[in-house]
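Please look over the sequence and the model before reading on. The paragraphs below go from the overall layout to single residues.

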Amino acid sequence: MDGLHAIARVRDGAAEHDHLGVASIVRVEQQRARHTLGEGGGYTERDIKEAARALTGWRLQDGVPTFQVRQHDPGVKTILGQTGNFNDEALIALLARHPRTATHIADKLVRFFVRPSGSEALTRRAAEKFTSTGGNIREVMRVILLSPE
C-alpha cells in the first residue's frame, strides 16, 4: 500500500462520521492530522477546519461511503499554507506531499520495526525514500528493513 492509499482513509473516516455533521468531521480531521503530520506537525486549528470543508459531501448510504456533489463545499480553502479549491483527492495529495508526513510516517515505522527509541539517521533516509517515491511504503520498508541498524 502506498502512502496515498494509506492517507486516503481520511476520506473514508470522514464519510463514516459525516452523518453527525461538520463537528464530527473536524474531530476526525484532528485525529487524521495527528496520525499523518504528527503532533505539533505545523498544522493549525484553521488547517483542520479547512480540511474538514474539503471533505464535505461524503455520506454513508446503506453503509457505503458515497459522494453527494451538492453537499460539497466548493469554495476556496487554505490548508497548510496552500490555497485552492480542495476536495478529498486534492487534500490527500497535499498531505502526502507535505514533508512532515514523510518524516512522521518514517519515524513511526522505524520505531515499530527497528527500535522504540528511533533512529534519526534511519528516519531521515526512510523519509527521503517516502518523498522520492511519492509515498511508496514498500520502498520505505525496504530502506528500513535492509538497514544495518
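What follows describes the chain as a whole, then its helix contacts and cores, and then some loop residues.

The model is a predicted one. Its chain has 149 residues, and buried residues make up 44% of them. The secondary structure consists of eight helices and four strands. Along the sequence these elements come in the pattern α-α-α-α-β-β-β-β-α-α-α-α. Among the contacts with a separation of 6 or more, 54% are between residues 24 or more positions apart.

A good place to begin is helix α6, which spans residues 99-113 and packs against helix α8, residues 137-145. The two axes are 11 Å apart and the angle is about 45 degrees. An angle that is neither under 35 degrees nor from 65 to 115 nor over 145 counts as oblique, and α6 and α8 are therefore oblique to each other. Their crossing is right-handed. On the side of α6 the contact is made by I105, A106, L109, V110 and F113, and on the side of α8 by I137, V140, M141, I144 and L145. By class, the residues of this contact are 10 nonpolar, no polar and no charged.

Helix α6 also meets helix α7. The axes of α6 and α7 come within 8 Å and cross at roughly 130 degrees. This pair, too, is oblique, and its crossing is right-handed. From α6 the residues T101, A102, T103, I105, A106, D107 and V110 take part, and they meet L122, T123, A126, A127, F130 and T131 of α7. The contact of α6 with α7 has eight nonpolar, four polar and one charged residues. I105, A106 and V110 are named in the α6 contact with α8 and are also named in the α6 contact with α7.

The nonpolar residues lead on to the cores. In soluble globular proteins, nonpolar side chains tend to be buried together. Here the largest nonpolar core has 14 residues, and L109, F130, V140 and I144 touch the most other members. The elements that give two or more residues to this core are α6, α7, which covers 120-132, and α8. Apart from this core lies another one of 11 residues, including Y43, I48, I79 and L94. To return to V140 of the largest core, this residue is in contact with L109, A126, K129 and F130 when neighbours within four places in sequence are left aside.

The remaining paragraphs turn to the loops. Most residues other than glycine have a negative phi. Which residues depart from this pattern? D62 has a phi near 55 degrees, a positive value in a residue other than glycine. L80 likewise has a positive phi, near 55 degrees, and is not a glycine. D62 sits in the loop between β1 (58-61) and β2 (64-67), while L80 is in the loop between β3 (77-79) and β4 (82-84). Are these residues buried or exposed? With a relative accessible area of 83%, D62 is exposed. L80 has a relative accessible area of 17%, and because buried means under 20%, L80 counts as buried.

D73 belongs to the loop between β2 and β3. Its relative accessible area is 25%, so D73 is partly exposed. Leaving aside neighbours within four places in sequence, D73 is in contact with R53 and T56. The C-alpha atoms of D73 and A52 are separated by 9.6 Å, and these two residues are 21 residues apart along the chain.

The last residue to consider is N85, in the loop between β4 and α5, the latter running over 88-97. N85 has 51% relative accessibility, and because exposed means over 50%, N85 counts as exposed. Not counting residues up to four places away in sequence, N85 touches P74, G75 and K77. Between the C-alpha atoms of N85 and A54 the separation is 8.1 Å, with the two residues 31 residues apart along the chain.

Notes
Residues numbered from 1 in each chain as written. Predicted model: local features only at pLDDT ≥ 70, side-chain atom pairs only at ≥ 80, totals over all residues. Heavy atoms only, no water. Axes fitted to C-alpha atoms, helices over the stretch in contact; angles between N-to-C directions. Left-handed = near helix turned anticlockwise from the far one by under 90°. Contact = heavy atoms within 4.5 Å. Nonpolar A, V, L, I, M, F, W, Y, C, P; charged D, E, K, R; others polar. Core = buried A, V, L, I, M, F, W, Y, C linked by side-chain atoms within 4.5 Å. Buried < 20%, exposed > 50% of the residue type's maximum accessible area, 1.4 Å probe, protein only.
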